[in-house]
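Subject: The structure you asked about

Hi,

Here is the structure, with the sequence alongside. Have a look at it first, and then read on for my notes.

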Amino acid sequence: MQFAEWISKIHNQPCHVVYTDFRPTPLQHYLFPAGANGIHLVVDEKGVFREDNFQKAMTSLQDKMGEDSGDISGKKGSKKKQWKTKTGGNKGK
């Protein structure tokens with residue numbers, strides 16, 4: 001209601017609020033794995049979880065991972081981080 005009042009005030013025109021018990025635009029959930037091709041519908045407009053599409057998304061994500069399981073950038077052979085230990089020496093991760 002406050003949003004409609006704000007719009008009316010800004011545009012100097014009436015703004016009518018319409019209430020419905022159903023969602024006019026169906027709600028769907030998609031996954032877009034970074035570095036992969038395409039999007040995957042995982043929850044449809046009826047609220048049904050699509051296990052097959054979820055597994056496809058996870059598979060495409062795993063296929064794009066580098067050799068290092070902690071490297072999600074998809075780059076193989078990335079340089080390992082270096083940090084100094086308390087004794088002053090370098091220790092590779």
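How many salt bridges does the structure hold? Just one. Before the details, please keep in mind that this is a predicted model, and read everything below with that in mind.

The salt bridge runs between Asp52 and Arg50, and the closest N and O atoms are 3.9 Å apart. That falls inside the 4 Å cut-off for a salt bridge, so the pair counts. Neither partner is buried: Asp52 is partly exposed at 40% relative accessibility, and Arg50 is partly exposed too, with a relative accessible area of 29%.

Now the overall layout. The chain has two helices and four strands, and if you follow the sequence along, they come in the pattern α-β-β-α-β-β. Of the 93 residues in the chain, 14% are buried. As for contacts with a separation of 6 or more, 12% of them are between residues 24 or more positions apart. The exposed area of the chain is about 8,400 Å², and 55% of that is supplied by carbon and sulfur atoms.

If you want a buried residue to look at, try His40. You'll find His40 in strand β2, which covers residues 40-43. Its relative accessible area is 12%, and since the limit for buried is under 20%, His40 makes the cut. Leaving aside residues up to four places away in sequence, His40 touches His29, Tyr30, Leu31, Pro33, Asn53, Lys56, Ala57 and Ser60.

Next, the aromatics. How many aromatic pairs are there? The count comes to two. One is Phe3 with Trp6: the ring centres are 5.8 Å apart and the planes sit at 40°, so this pair is tilted. Phe3 and Trp6 are three residues apart in helix α1, which means about one helical turn separates them. Phe3 is exposed, with a relative accessible area of 58%, while Trp6 is partly exposed at 49%. That 49% is under the 50% that a residue has to exceed to be called exposed, so Trp6 stays in the middle class.

The other pair is Phe49 and Phe54, again tilted, at 5.6 Å centre to centre with 50° between the planes. Phe49 is partly exposed, with a relative accessible area of 43%, and Phe54 is partly exposed as well, at 26%.

Phe3 and Trp6 turn up once more on the surface. Together with Ile10 they make a nonpolar patch of about 360 Å². Ile10 is in helix α1, which takes in residues 2-11, and at 44% relative accessibility Ile10 is partly exposed. A residue needs over 30% relative accessible area to join a patch, so Ile10 qualifies on that score.

One last spot to check is Pro14, in the loop between α1 and β1 (29-31). Is Pro14 buried or exposed? With a relative accessible area of 66%, Pro14 is exposed. Its C-alpha atom is 8.4 Å from that of Ala4, and the two residues are ten apart along the chain.

That's what I have for now. Shout if you'd like to go through any of it together.

Cheers

Methods:
Residues numbered from 1 in each chain as written. Predicted model: local features only at pLDDT ≥ 70, side-chain atom pairs only at ≥ 80, totals over all residues. Heavy atoms only, no water. Buried < 20%, exposed > 50% of the residue type's maximum accessible area, 1.4 Å probe, protein only. Contact = heavy atoms within 4.5 Å. Areas by Shrake-Rupley, 256 points an atom, 1.4 Å probe, with all protein chains shown as cover. Patch = residues over 30% accessible without salt bridge, like charges linked within 9 Å, V, L, I, M, F, W, Y side chains within 5 Å. Salt bridge = Lys/Arg side-chain N within 4 Å of Asp/Glu carboxyl O. Phe/Tyr/Trp six-rings, centres within 6.5 Å; stacked < 30°, edge-to-face > 60°.
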